[in-house]
Amino acid sequence: MALQERGTSSSNSTNDKQEQNHNRVITIVFLALFIDLLGFALILPLFPSILDYYSQTEDGFYLSLQRGVDWFAAMAGIPPERKYNSVLFGGLIGSIFSLLQFFSSPLTGAVSDHWGRRPVILMTVMGLIASYSLWAASRTFGVFLLSRIIGGISKGNVSLSTAIIADLHSPKARSKGMAMIGVAFSLGFTLGPMMGAYLAMQTEKGEVFYLRSALSALVFSVADLIFIFLLLPETLPKEKRVPSVTSGFQAAVDLLSPLALFQFSAVTRGKESPSEQNVQNLKILGLAYFLYLFLFSGLEYTLSFLTHQRFHFSSMQQGKMFFFIGITMAVIQGGYARRIKPGNEIRAVKRAIMLLIPAFLLIGWAANVTMLSAGLLLYSFAAAIVIPCLSAVVSGYGTAAQKGRVMGILRSLGALARALGPILAAAVYWLAGAEICFTICGAFFLVPLALLRSIKQQTKEE
C-alpha cells in the first residue's frame, strides 16, 4: 500500500514538473515573439511617408522605377497619377517580403527538424538584426529594399515559435501555447505601430524621420537574441529529429509547391490518408482560407496609403488607426470569439465574411473619417473571427501524426496569399483608384463565402 502511494506521489510530482516546464517554455516563446513583433510592427504606419521621402529626395533607383511605371502608364493609355505610384511600390515591397517568408518558413522548419529549434531560431533573429541595421543605415531606396528582403528571409522565426509549442507533449499545453502566440500577435500589432509613429514624431532637425524607429527595432531584435540565448531550452530531443537535413527538405517541398498545397498532398500521400469526404473538405477550407487572406492582405497593404492620400493622415494618425484596429480585435477575441462553441466555427466565419463586404465598401468610398471608422470597425470584427475559427476547424482534421502537416499546409497557403494579395490589390488601386479596388475586393468575398457553404459534415474515422 505504501509502495502504491509512493508511486502515485512520484507520478504526480513528475506531471507537476512537466507542467511547470511547459509553462516556462510557453512564457519564454510568448515574450520572445512579443518583443520580435513589437520591432516588426514599428514600420507599419511609416510606409507611405518612407516612400514619399525617397520620391522627394530624388533617389536614383526610386526615380528609375517611377519612370518605368510612367512609361507603362503611357503605353497602356492610363492617365499618370504619380501619387498612386507609392501604393504600387508599397504593394511590391509587401509581396516580396511575404513571398520570401513563404519560401523561408518551410526551409527553416526543415533545418530545425534536424539541427533543433534553438540554434535555428537564433540564426533567424541574427538575420533580423542585419535587416534592421540596414534599415537604420539606409539613405537610399535600394538599401531600404535590401533590408526588407533580408527581413523576409529571416521571418521564419514566427513559424519556428509555433513548432516549439507543437513540440510540447501535453495537448492542453499546446492549446494554451497557440493561444498565447495569438495574444503576442494582438499586442505586438496594437502597440508596435503606435510606438513607431511616436518615435517618428520625436525626430530632431537634420535627422531622418524613421531613424529612431529603425534603431528601436534593432534594439528589440538584439534584446530578443539575448533573451532567447539565455532562456529558451531546446524542445526537440535528438531522438525525435529527422536523420538528415535532406529528408527534412523533402518534406518541405510539399509546402513550396502551390499545386501540392491546394491538394493537401503532404497529408494524402501518407499511409493513413483521411477519408475522401474529409480530404474534399480540407481542399475547400484551404481554398477559402487562401482567397480570404489574398483579398484581406490586399486591403491591409493599401489601407495606410488610402488614409495617407485621401485624409492626409500623419504617421501618428496612422499609428492610432492601427491601435484602434488592434484594440477592437482584442475585445472581440476576448469577449466573443472564445465563446464560439465547437461546431459553430464555420457559421461564425460566414457571418464575419458577410460583414467584410460592407466594410470594404465603407472604407473604399469613405468621404470622411466617421465613415472610415465604421468600415474599420466591421473590418476589425471580421479579422478577429475568420482566421482563428478556420484554423480551429482545419486542426480537427487528420490523425495526431498528421496535424502538424495539416497546419503547416494552412500556414503556407496563408503566406502564399499574403505574397500575391498586396501587389495585385496595389495594381488595381494604381490602375482604377481606391473606390474600384475596394469594391472589386469586397465583391470577391462572395467566393470564399460560397465555398464554405459547400462544406459537408466531417466524418469521424480519424
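Phe264 is tucked away in this predicted model: with a relative accessibility of 0%, Phe264 counts as buried, because anything under 20% falls in that class. Phe264 sits in the loop between helix H11 (258-263) and helix H12 (265-268). Its backbone is a bit of an oddity too, since Phe264 has a positive phi of about 55° without being a glycine.

Glu58 makes a handy partner for that story. Here again the residue is not a glycine, yet phi is positive, at about 55°. Glu58 also belongs to a loop, in this case the one between helix H2 (47-56) and helix H3 (60-76). As for cover, Glu58 has a relative accessibility of 61% and so counts as exposed, the cut-off for that label being over 50%. A further positive phi, near 55°, turns up at His312, which follows helix H13.

Helix H13 itself deserves a closer look. It runs through residues 276-310, which makes 35 residues. How far apart should its ends be? At 1.5 Å a residue, H13 should span 51 Å, and the C-alpha atoms at its ends turn out to be 50 Å apart, so expectation and model agree. That said, H13 does bend, by about 35°, and the bend is found at Thr302. Most of H13 is covered, with 26 of its 35 residues buried.

Helix H7 (residues 157-166) is mostly covered as well: nine of its 10 residues are buried. Among these buried residues of H7 are Asn157, Ser159, Ser161 and Thr162, along with Val158, Leu160 and Ile164.

Out on the surface, things look rather different in one spot, where a nonpolar patch is formed by Val183, Leu187, Leu191, Met195, Phe323, Ile327 and Val331. Together these residues offer about 520 Å² of accessible area. Which helices supply the patch? Helix H8 (171-201) and helix H14 (315-335) each give at least two residues, and the largest share, four residues, comes from H8. The spacing of residues in a helix helps to make sense of such a pattern: an α-helix has 3.6 residues a turn, so residues three or four places apart point the same way. Leu191 is one of the patch residues and is found in helix H8. With a relative accessible area of 35%, Leu191 is partly exposed, because that value falls between the 20% and 50% limits.

Helix H14 also holds Met316, but Met316 has 14% relative accessibility and so counts as buried. Met316 has a companion from far along the chain: its C-alpha atom is 4.6 Å from that of Ala197, even though the two are 119 residues apart in the sequence.

That leaves the cysteines. How many disulfides does the structure hold? The count is zero. As a reminder, a disulfide is a covalent bond between the sulfur atoms of two cysteines. Why does Cys441 not form one? The closest cysteine sulfur to that of Cys441 belongs to Cys437 and is 4.5 Å away, which is too far for a bond, because a disulfide calls for sulfur atoms within 2.5 Å. Cys441 is nonetheless buried, with a relative accessible area of 11%. Cys389 counts as buried too, at 5% relative accessibility.

Notes:
Residues are numbered from 1 along each chain as its sequence is written. This is a predicted model: local features need pLDDT of at least 70, side-chain atom pairs count only at pLDDT 80 or more; totals for chains, interfaces and linings use all residues. Side-chain values use heavy atoms; hydrogens and water are left out. The expected span of a helix is 1.5 Å times one less than its number of residues. The bend at a residue is the angle between axes fitted to the seven residues ending there and the seven starting there. Buried means under 20% relative accessible area, exposed over 50%, partly exposed in between (1.4 Å probe, protein chains only). Patches are made of residues with over 30% relative accessible area and no salt bridge: like charges are joined within 9 Å, nonpolar side chains (Val, Leu, Ile, Met, Phe, Trp, Tyr) within 5 Å. Accessible areas come from the Shrake-Rupley method with a 1.4 Å probe; for residues, only the protein chains shown count as cover. A salt bridge is a side-chain nitrogen of Lys or Arg within 4 Å of a carboxyl oxygen of Asp or Glu.
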